[in-house]
Amino acid sequence: MSDRSDKGMRDESARVRIFDTTLRDGEQSPGISLNKQEKVEIAHQLARLGVDVIEAGFPITSPGDFEAVQAIARQVEGPVICALARTAKQDIDAAWNAIKDSERPRIHTFIATSEIHMRHKLRATPEDVKGQARAAVAHAKQYTDDVEFSPEDGSRSDVEFMAEVIQIAIDEGATTINVPDTVGYTMPGEYAAMFEELYRLVPDLRKVTLSVHCHNDLGLAVANSLAGVQAGARQVECAVNGIGERAGNCSLEEIVMLMHTREPSLGLWTGINTREIARTSRLVSRLTGYQVQPNKAIVGRNAFAHESGIHQDGVLKERTTYEIMDATTIGLEANSIVLGKHSGRHALRKALEELGFQVEGAALNTAFKRFKELADKKKKVTALDLEAIVSDEMRESPAAYGLEWFDIEASSSRAPLARVGIRMPSGEVAEGSFTGDGPVDAFFSAINAATGREARLKEYHVSAVTGGRDALGEVTVMLELDGVQASGQGVATDILEASGRAYLRALTNALADSPVAEADHHIGAAGSAGTPAR
Ligand code: KIV
Ligand code: ZN
């Protein structure tokens, strides 16, 4: 058995388009707050992965979201760049203004069609909803030919009413109809039956692209998406690592590898470059601060590991005894680049280029400095190390808090004491000190003291980028500030330094998301005033 039978001439009508919503629905996950630069970086990687559509954001929701969508539309080539809009005219105008510079812009407009949403959320009658859907698609169509329409909460909607709304959207020129399982309630058989019924009620559905969008509340997002494509849908909306509202969206890597591995039975295929999957997953995890569970299908650290002796023995004799996919298919051998302490700037730039990073000028100098520091401590610097330090540096911005210096005294006989110097967004350095239950606790409390913030630590994870005692440490922090949860990550050979960087990024992200955000709040006076981070 191989990963997939020989493809020969593939049937175009069996191609399933991958619509990636990592930067829109995925970004709506609690605690995720990506800045513009991070979103652009993820979008470039999604283009390398070969997704057909990038849903880059929801421009009306904030100036930050608008600017990020606009930057993606201007810089990322290849995929269609899509922006989300409710049916209101100003939503659609904002979506269009954000994406109009893309070579392939799409407006995605939606309105709920379920009784429960229309009555309680929209407080609108079914006739209003029909009118709003009609007006929205017509308005979007004035801007671009590529218009997607979604009847939100489709799987819980009355199918006959939803069919009427879909017919209106198609009559007004919608080219993609997406029927979401917004609350992750449906089951595969039901979802497929709903599509069969929709095809019967709206024969024009065969003239447009039918799309699925499934949430994972009952763990069925991938199964439901598969049922949808087997029923005729030719677009799957999904997110890298399955991130998204509540339990998340259909996981991109799972649905893609499912169609890839079982292509001989399913007869469906995608244009995804599967060798970019592992890297895309790492980048999204790193920038969102959402760790991938070890046993996650496809991209979990154990997805290709064999623990039992019988399995190990079998795989050594013949890989396919216990493996249905080859790890190299998702790019897991991508750790091949190795640099050492004598490698120069040119070798670094070349290695970064091979990894898909275009790093020049000041950014290259910074990357080179971090690389040299690492190469002094670690004999072999691998692709995974480079990826980690470059994406760590990319997150530095002048508007963020920065770690200037820290000093932590810890012993078994007294409470640890941390002192820190924090670069404030204004450029000034504020100092603070605090004791704590442990060095990390003291460190975070000292940061609170220096910045004058009362952030509380919610989660703290440490992992190693590669194996070995000299490995880079990667820390993820989730904190809460004035009711806003935000995460941040930091990478360094010193775990405490990585922790400080992660905490400061989470703090910066929480402030960016806070409704009362002020760019440069109170500069903490030197000393120990502040709040413990517990
Ligand atoms: O889950 C959902 O219904 C959505 C729509 C906006 C498509 O995300
Ligand atoms: Zn959704």
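This is a short dialogue on reading pockets and aromatic contacts in a predicted model.

User: How should I think about empty space in a structure like this, and how much of it lies in the largest pocket?

Analyst: The general idea is simple: rolling a probe the size of a water molecule over the atoms shows where empty space is left. Here, the largest pocket holds about 950 Å³. It has 41 lining residues, and the closest to its centre are Ser 33, Leu 34, Asn 35, Ala 512 and Asp 513.

User: Which element gives the most to that lining, and where does the largest pocket lie relative to the domains?

Analyst: Helix α17 (495-513) gives the most, with 6 residues. Domain 1 (15-296) and domain 2 (402-520) both give residues to the lining, so the largest pocket lies between them. By class, you'll find 15 nonpolar, 13 polar and 13 charged residues there.

User: And what about the second largest pocket, which residues lie nearest its centre?

Analyst: Look for Arg 282, Val 299, Arg 301, Ala 464 and Val 465, from a lining of 25 residues. The space there is about 710 Å³. The largest share, 5 residues, comes from α11. This lining divides into 13 nonpolar, 8 polar and 4 charged residues.

User: Switching to rings, how many aromatic pairs are there?

Analyst: A search of the whole structure turns up 8. Take Phe 58 and Phe 110: their centres are 6.2 Å apart with 70° between the planes, and over 60 counts as edge-to-face. That pair links distant parts of the chain, 52 residues apart.

User: Are those two buried or exposed?

Analyst: Phe 58 and Phe 110 are both buried.

Conventions: Residues are numbered from 1 along each chain as its sequence is written. Chains are lettered from A and ligands numbered from 1 in the order in which they are written. This is a predicted model: local features need pLDDT of at least 70, side-chain atom pairs count only at pLDDT 80 or more; totals for chains, interfaces and linings use all residues. Side-chain values use heavy atoms; hydrogens and water are left out. Rings of Phe, Tyr and Trp (its six-membered ring) pair if their centres lie within 6.5 Å; planes under 30 degrees apart count as stacked, over 60 as edge-to-face and the rest as tilted. Helices (H or I, at least four residues) and strands (E, at least two) are DSSP runs, numbered from the N terminus. Buried means under 20% relative accessible area, exposed over 50%, partly exposed in between (1.4 Å probe, protein chains only). On a 1 Å grid over the protein atoms alone, a cavity is a set of points where a 1.4 Å probe fits but cannot get out, and a pocket is an open set with protein on both sides within 12 Å along at least five of seven lines; lining residues have an atom within 4 Å of a point. Grid points are joined across faces, edges and corners, and a volume is the space filled by probe spheres set on the points. Ala, Val, Leu, Ile, Met, Phe, Trp, Tyr, Cys and Pro count as nonpolar, Asp, Glu, Lys and Arg as charged, and the others, Gly among them, as polar. Domain bounds come from an automatic or database domain assignment.
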